[in-house]
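Here's a walk through this model, starting with one surface residue and working out to the overall fold. Keep the structure open as you read.

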Amino acid sequence: VRAEDKTVTMIWTLIYGLVMAEGLVCLVLVLPMPRTLRRLLSRAFLAVFSFPVVRIFLYCLASCLAIMFVDCQRTIYHEDHMLHNNDITALQDASRRRLELTRAQRNSYLCGSGLFLLLLLFRLDSLLRAMESQFTNTDALQRQSKNANTTLENFMQQISDLKEENKLLKKAASDADSKSVKAGALATQAENSQKEYLRLLQETEEQKKEMENLSNDLARANANNKELYKELEATKAALVQQGDKKSD
C-alpha cells in the first residue's frame, strides 16, 4: 500500500510540475516584451510544437488529464455523498472520507488547471502561427513597398532628368530659333547689301561712261579751240601784214 501511495504521490507531483511548467510557458508567451524577443520566443515555441512526437504526446497528455479530471469529479461526488449519508457513524471513517474528498478536490484542481493550460497552449500555438504568418506577409509587403518606393524614386528621378533634358532641348530650340532668325536677318541684310553693291556698281559704270563722254567732249572742245586759236593767229598775222602794207 505504501508503494502504491508513493507511486500515486509521484504521479500527482509530476502533474503539479507539468501544470507549473505550462503556466510558466503561458506566462512567458503573454508577457509584454520587445518585438524581436517575442518573435524569437514564438519561433522557438512553434518549432517545438511542430514536431509530430511532441503534438502526439500533448494530445495523449490532454486525454489523460481529461480522464483523470472526470475520475476526480466522480470521486468528489462519491465521497461527498458518503459523508452526508446517515449510515456513517464511525469518526475514523468520516475522517478518511474527508481526507479522500480533499485529495480528490486537489487532484481535480490540478487536472483541470493542467487541461486548461494545455488547451491554452494549443490555442496560443494557433494564434502564434497566424501571427507569424501575418508577420511574414507584413515583412513581404514592407519589402514590396520598399521596392515600390525605390522604383518610384527611380521613376521620379528619371522624370526629373527628362524634365531637365526637356528644358535644355527647349532652350537649345529657342537658341536655334533665335540663331535662325539672326541668320535670316543677316541673309536679308547680305542680300540687301549685295543689291546695293550692284546698284552702286551700275551707277559707277554709268558715271564712268558719263566721264568718258565728258572726256571725249572736252577733247573735241580742245581740238576746236586749237583750230580757232590757229585761225585767230592766222587772222592776226593777216592783219599785221595789212597794217605793214598800209604803212609803206
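Glutamate 205 is partly exposed, with 39% relative accessible area; buried means under 20%, exposed over 50%, and partly exposed in between (1.4 Å probe, protein chains only). This glutamate sits in helix H4, which covers residues 91-247. Helices (H or I, at least four residues) and strands (E, at least two) are DSSP runs, numbered from the N terminus.

A word on where this comes from: the model is predicted, so local features need pLDDT of at least 70 and side-chain atom pairs count only at pLDDT 80 or more, while totals for chains, interfaces and linings use all residues. Residues are numbered from 1 along each chain as its sequence is written, and side-chain values use heavy atoms, with hydrogens and water left out.

**Surface patches**

Glu205 has company: together with Glu206, Glu210 and Glu212 it forms a negative surface patch. Patches are made of residues with over 30% relative accessible area and no salt bridge, with like charges joined within 9 Å and nonpolar side chains (Val, Leu, Ile, Met, Phe, Trp, Tyr) within 5 Å. Lys and Arg count as positive and Asp and Glu as negative, leaving out His and the chain ends. Each charge is placed at NZ of Lys, CZ of Arg, CG of Asp or CD of Glu.

There's a nonpolar patch too, about 420 Å², made by Leu24, Leu27, Val28, Val30 and Leu31. That area comes from the Shrake-Rupley method with a 1.4 Å probe; for residues, only the protein chains shown count as cover. Leucine 31 is in the loop between helix H1 (2-30) and helix H2 (35-49), and it is partly exposed at 38% relative accessible area.

**Overall build**

How many helices and strands does the protein have? There are four helices and zero strands, giving the pattern α-α-α-α along the sequence. The C-alpha trace spans about 230 × 30 × 20 Å along its principal axes. The radius of gyration is 67 Å, whereas a compact globule of 248 residues would come in near 18 Å; the radius is taken over C-alpha atoms, and the globule rule is 2.2 Å times the number of residues to the power 0.38. Buried residues make up 16% of the 248.

**Salt bridges**

The structure holds six salt bridges, each being a side-chain nitrogen of Lys or Arg within 4 Å of a carboxyl oxygen of Asp or Glu. Three of them are listed here.

| Acid | Base | Closest N to O |
|---|---|---|
| Glutamate 132 | Arginine 43 | 3.0 Å |
| Aspartate 125 | Arginine 55 | 3.2 Å |
| Aspartate 71 | Arginine 74 | 3.2 Å |

Take the salt bridge between glutamate 132 and arginine 43. Glutamate 132 is in helix H4 and arginine 43 in helix H2, so the pair ties together parts that are 89 residues apart in sequence. Glutamate 132 counts as buried at 15% relative accessibility, while arginine 43 counts as partly exposed at 45%.

Next comes the salt bridge of aspartate 125 with arginine 55. Aspartate 125 lies in helix H4 and arginine 55 in helix H3 (residues 52-83), so this pair links parts that are 70 residues apart in sequence. Aspartate 125 is buried at 3%, and arginine 55 is partly exposed at 21%.

Arginine 74 and aspartate 71 are both in helix H3, three residues apart, or about one turn of the helix. Aspartate 71 is partly exposed at 37% relative accessibility. Salt bridges with shared partners also join Arg39, Arg43 and Glu132 into one network.

**One more contact**

Where does phenylalanine 135 sit? It is in helix H4, and it is buried with a relative accessible area of 17%. The C-alpha atoms of phenylalanine 135 and arginine 39 are separated by 9.2 Å, though the two residues are 96 apart along the chain.
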